[in-house]
Amino acid sequence: MGLASKHLLGISELTSAEIVHVLDTAETFRAISQREIKKVPTLRGRTVINLFFEASTRTRTSFELAGKRLSADTINISASTSSVTKGETLLDTARNLEAMSPDFIVIRHPSAGAPHALARICRAAVINAGDGAHEHPTQALLDAMTIRQHKGRVENLRVAIIGDILHSRVARSNMHLLTKLGAQVSLAGPGTLVPAEFEELVAGGNLRVASRIEEAIEGADVVMVLRIQRERQDAAFFPSLREYAVHYGLNLKRLSGAQPDAIVMHPGPMNRGIEIASDVADGSRSLILDQVSNGLAVRMAVLYLLAGGSVLNQNMLSQTKPETANTTADPRAGATPAVTSSNSAAEQLEPVAAGGQAGAEQKRRVKTADSN
Amino acid sequence: MKLLIANGYLIDPTQGLNGGKNLLIEDGRVAALVAHNDGVPEGAEVFDATGLVVAPGFIDMHTHLREPGQEYKETIETGAQAAVAGGWTSVCAMPNTDPVNDNPAVTRFIIEQAERARAANVFPVGAITKNSEGVELAEMGEMRRAGVVAVSDDGRPVPSAGVMRRALEYARGFDLPVVDHCEDRSLTAGGVMHEGNWSLRLGLRGHPALAEEMDALRDIALAELTGARVHLAHVSTRGALAAVRRAKERGLNVTCEVTPHHFTLEDEAVRDYDTNTKMCPPLRSREHLEAIIEALADGTIDAIATDHAPHHADEKALEYDQAPFGITGLETAVGLAFERLVHRGVVGLERLVELCSVNPAKIFSLANRGTLRPGAHADVTILDPEHVWTFKASASKSKSRNTPFDNRTMRGAPVATIVSGRLVYRRDETAVAAASRP
């Protein structure tokens, strides 16, 4: 089973079943990153273009590594070194890249909707790596993966999202994802950055805007802190960073209102001492680096599933050759019984160094030839 | 030269006419209204309007023709052609050209170009302030003499209440209506769509409805203070409409118009980031659309105007927040008015004619237009309320194609347009179909 859409433009278009499927798949890929040999041939021969119009450390590196560990050819283009500086429009850039037949275009752009514009004209699968203040779907997926690892579930958890909600694509993707999986989400921050209308963003009443940050944190199982996005604020939304830190920053005292085993997350990059105190960021409840590790697994899963990947299970992680000879199952057929599908997927996930994969590789290519 | 528009159904609220009549035109003027069985006068050509509605020519109070300066988007000629193809016999050209129409030389240029185009009548609207910068008053008296019918800093609304007050006081001396695009820019800075659920969802900055309402309230207060004629352009919010309603109840000289896109589409239309849903004021949420429908029904709204705003395809093929505001509208307005208003019982045909012809002529003091009284200019819009047709942007007479209504099928269409007694447009379905074939 892949995903219903050819592209990943946002969480709002995904069903809860699809979200769970991506998370389950990502768990499998996480195991691969813990092996000595971290590369599998799954996307050999495929090309991933990372098209970044905004600065990024985590997301770009993570997509690049995800592609490389799946054996895809990955290319990074950033706005500052591209023809955009010569006045080329986004759509012209995309058409030119498209002419080189990439399989995936991963795009980050300061304008909301830029990935949607690309998806309309590209044959390649378009993955949104953050568009303006709209969505950042893989961030929400890696956040959910992190929550599941530490809490065992997302359903019925109380999640506080605090800070600059208005300008945050991370917050929007998380609002959609967490409520789809049944969490109770509270938003809090300065009134200028947390419009009450956010409550109407999702149906079902699982999203509310708290009047004070302490109220949102009270009893929370998860506290997500957002970065103050100074680059997206063309006017003063609060008087000073000092005042922000005092009244809205997450410190140990504020965190004490949460559940004793509450976890703390931040999508990065952090403004230490502003939205999050260092003793919280570096404390035992902080999962900020786990988030980064999970980001890689989630992005591998997204690339794999958009390429038409199948259901994975633990058998696939075996480094030995499968015993049964039945390797013809279509990796995209979600309904295929586990035994047969695991065989074909296992071949895809065989480490490159394991050798003896030529035949299976050949089959994979034949099977996926029609997938674009 | 005589032209008889025979066997049509005449609607002219200025004469209380709503029934079968023949319309005789002679030398560019209405000569007589006679019974269907009265016969054809000697030497008259005949236009058979059997089954069609014959109305005083429609007047678009709010059109951007882009010439001078942005001829790659539209010229006066192409805009005037698009106008008559949409049933408009007259258009009022907004002054935000390059250079701005803030002096009589530009005004005269526009009028001369329009005469050469020989399609719709073009009535220029002059700027309120020099270069529409909102600081010094433009030469309203000189522009009035050259032919402007109103003044407006459309698109760059006068921010200072003090300057606006002076403009209203000064314009009153020339009996010029002052048209304002109501938008408090301190509330809309950076906004690209209506502020609400959809802007939050899409991560796009919003224009709060309040920004329009506050400016409308200011203008109405200034209209009361100065006694000037104030016309609010493309009103799109419940609050501004309520303010106009109250102003009218108090007898102030305040009028307003709405656009077809604001009574047809909601902000949800932006969901796929199609830049052809981006205009200013933006598509609003349902409560505002409903308020517009109510205000059309109860008479608060005086006119339907297109806010035809052509832009080149390259300009619209940008990221949503980078693309310019505006959509074309001349050729879809009447069809949309039939679809959303007439056929859904919001307004009758008489009221439609008031909204598109009678009232615009009154508000801009266009003598002998907006009526089919004998002696009036023979500007006639002929409509087929039942004609089902599909708008094809590729076949548009406009130079630009920026419309969210491409491929929309509508019931009700303008089928012929007569300007000064001359048939300047006739819908020819076979030609349209051929042009739109791939």
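Is B:Met214 buried, exposed or partly exposed, and what is its relative accessible area? In this predicted model, B:Met214 comes out as partly exposed, at a relative accessible area of 36%.

**View 1. A nonpolar surface patch on chain B brings B:Met214 together with two leucines.** Here we're looking at B:Leu187, B:Leu210 and B:Met214, which make a patch of about 230 Å². As for where B:Met214 sits, look in helix H7 of chain B, running over residues 209-226. Its 36% counts towards the patch because membership takes over 30% relative accessible area.

**View 2. A negative surface patch draws on both chain A and chain B.** Chain A puts in A:Glu197, A:Glu199 and A:Glu200, while chain B adds B:Glu195. You'll find B:Glu195 in a loop of chain B, with strand S11 (193-194) on one side and helix H6 (197-202) on the other. B:Glu195 is partly exposed too, with a relative accessible area of 43%.

**View 3. Eight strands of chain B line up in an open sheet with parallel pairing.** Reading across, the order goes S6-S7-S8-S9-S10-S13-S14-S15. Strands S6 (58-63) and S15 (303-304) of chain B are the edge strands; each has a single partner strand, so one side of each has no neighbour in the sheet.

**View 4. Zooming in on the sheet, strands S13 and S14 of chain B pair in the parallel sense.** S13 covers residues 230-232 and S14 covers residues 254-258, with 3 bridges between the two. One to pick out is the bridge that partners B:Val230 with B:Val254 in S14 of chain B. In general, the strands of a sheet pair through backbone hydrogen bonds.

Note on methods:
Residues are numbered from 1 along each chain as its sequence is written. Chains are lettered from A and ligands numbered from 1 in the order in which they are written. This is a predicted model: local features need pLDDT of at least 70, side-chain atom pairs count only at pLDDT 80 or more; totals for chains, interfaces and linings use all residues. Side-chain values use heavy atoms; hydrogens and water are left out. Patches are made of residues with over 30% relative accessible area and no salt bridge: like charges are joined within 9 Å, nonpolar side chains (Val, Leu, Ile, Met, Phe, Trp, Tyr) within 5 Å. Accessible areas come from the Shrake-Rupley method with a 1.4 Å probe; for residues, only the protein chains shown count as cover. A salt bridge is a side-chain nitrogen of Lys or Arg within 4 Å of a carboxyl oxygen of Asp or Glu. Lys and Arg count as positive and Asp and Glu as negative; His and the chain ends are not counted. The place of a charge is taken as NZ of Lys, CZ of Arg, CG of Asp or CD of Glu. Helices (H or I, at least four residues) and strands (E, at least two) are DSSP runs, numbered from the N terminus. Buried means under 20% relative accessible area, exposed over 50%, partly exposed in between (1.4 Å probe, protein chains only). Two strands pair if DSSP finds at least two bridges between them.
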